[in-house]
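Please look over the model shown here before reading on. The paragraphs that follow go through its sheet, its cysteines, its nonpolar cores and its ionic contact in turn.

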Amino acid sequence: FALRLANMTSRLQYPSNHRRKNSAGIGNFTHSLQPLITMGVNKLIGIIFMCVNLCSSFLFASGSLYNSSDPLLILDHSNFTSTILGAENAWIIEFYNTWCGHCIHFAPTWKEFAKDIEEWDDTIKVAVIDCAVDENTEICRDYEVMGYPTMKLLRRTWQ
């Protein structure tokens, strides 16, 4: 689809005679409108691309970015404190938002990272928490998450 649109826009060029003037010295009316028509088509194509991008983000965001089969722990308001604060190991946590385009594109990389360090689970574990869930927003605020995705390394403080 994108290739077809790119081919279409490459064919939208000004005619070779768009600067010619008639015998009265006045530019041809239809050729003087060509740049405006081309600009309108280019704007329309840009709007179409933007709509496709937004729609794909919402389609991907309709479900969770992570599931129980991923090699990481999915945190929420009910298990965050008991899991993280009482742990002997460190945690690296991604604070994400399901509608965030950067988070959607980053999710496969985070899953791969979790898989790569899975055997280090006695030292460090990987987790995620969805800040788009209303019950989790207080946790995200407590950890001063200002943008998505945000990664934080939390380790046990020895007393």
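Helices (H or I, at least four residues) and strands (E, at least two) are taken as DSSP runs and numbered from the N terminus, and two strands are said to pair if DSSP finds at least two bridges between them. The model is a predicted one, in which local features need pLDDT of at least 70 and side-chain atom pairs count only at pLDDT 80 or more, while totals for chains, interfaces and linings use all residues. Residues are numbered from 1 along each chain as its sequence is written, and side-chain values use heavy atoms, with hydrogens and water left out.

With these terms in place, the sheet can be described as open, with four strands in the order 1-3-2-4 and mixed pairing. Strand 1 (73-75) and strand 4 (150-154) stand at its edges, and because each has a single partner strand, one side of each is left without a neighbour in the sheet. From one strand to the next the twist averages 30 degrees. Strands of a sheet pair through backbone hydrogen bonds, either parallel or antiparallel. Strand 1 and strand 3 (residues 124-130) run parallel and are joined by three bridges, and L75 has I129 of strand 3 as its bridge partner. Helix 4 (residues 101-116) packs on the sheet, where contact (heavy atoms within 4.5 Å) is made with strand 2 (90-96), strand 3 and strand 4. The direction of helix 4 makes about 165 degrees with that of strand 2, where axes are lines fitted to C-alpha atoms, for helices over the stretch in contact, and angles run from 0 to 180 degrees between N-to-C directions.

Which residues does helix 4 help to bring together in the interior? The largest nonpolar core has 16 residues, and those with the most contacts inside it are L65, Y66, L72, Y96, W110, V126 and V128. Such a core is a set of buried Ala, Val, Leu, Ile, Met, Phe, Trp, Tyr and Cys residues joined through side-chain atoms within 4.5 Å, and buried means under 20% relative accessible area, with exposed over 50% and partly exposed in between (1.4 Å probe, protein chains only). Strand 2, helix 4 and strand 3 are the elements that give two or more residues to this core, and helix 4 gives the most, with five. Leaving aside neighbours within four places in sequence, V126 is in contact with several residues, among them L72, W91, W110 and F113. A second, separate core of 14 residues includes A87, A127, I129 and C140.

C140 also takes part in the one disulfide that the structure holds, a disulfide being a pair of cysteine sulfur atoms within 2.5 Å. Its partner is C131, at an S to S distance of 1.9 Å; the link is left-handed, with -90 degrees about the S-S bond, and both cysteines are buried. C100, by contrast, is in no disulfide. The sulfur of C103 is 3.1 Å from the closest cysteine sulfur, in C100, which is too far for a bond. C100 counts as buried at 7% relative accessibility, and C103 is buried at 0%.

There remains one salt bridge, defined as a side-chain nitrogen of Lys or Arg within 4 Å of a carboxyl oxygen of Asp or Glu. K111 forms it with D70, the closest N and O atoms being 3.7 Å apart. Because K111 lies in helix 4 and D70 in the loop between helix 2 (29-61) and strand 1, the pair ties together parts that are 41 residues apart in sequence. K111 is partly exposed, with a relative accessible area of 24%, whereas D70 is buried, at 13%.
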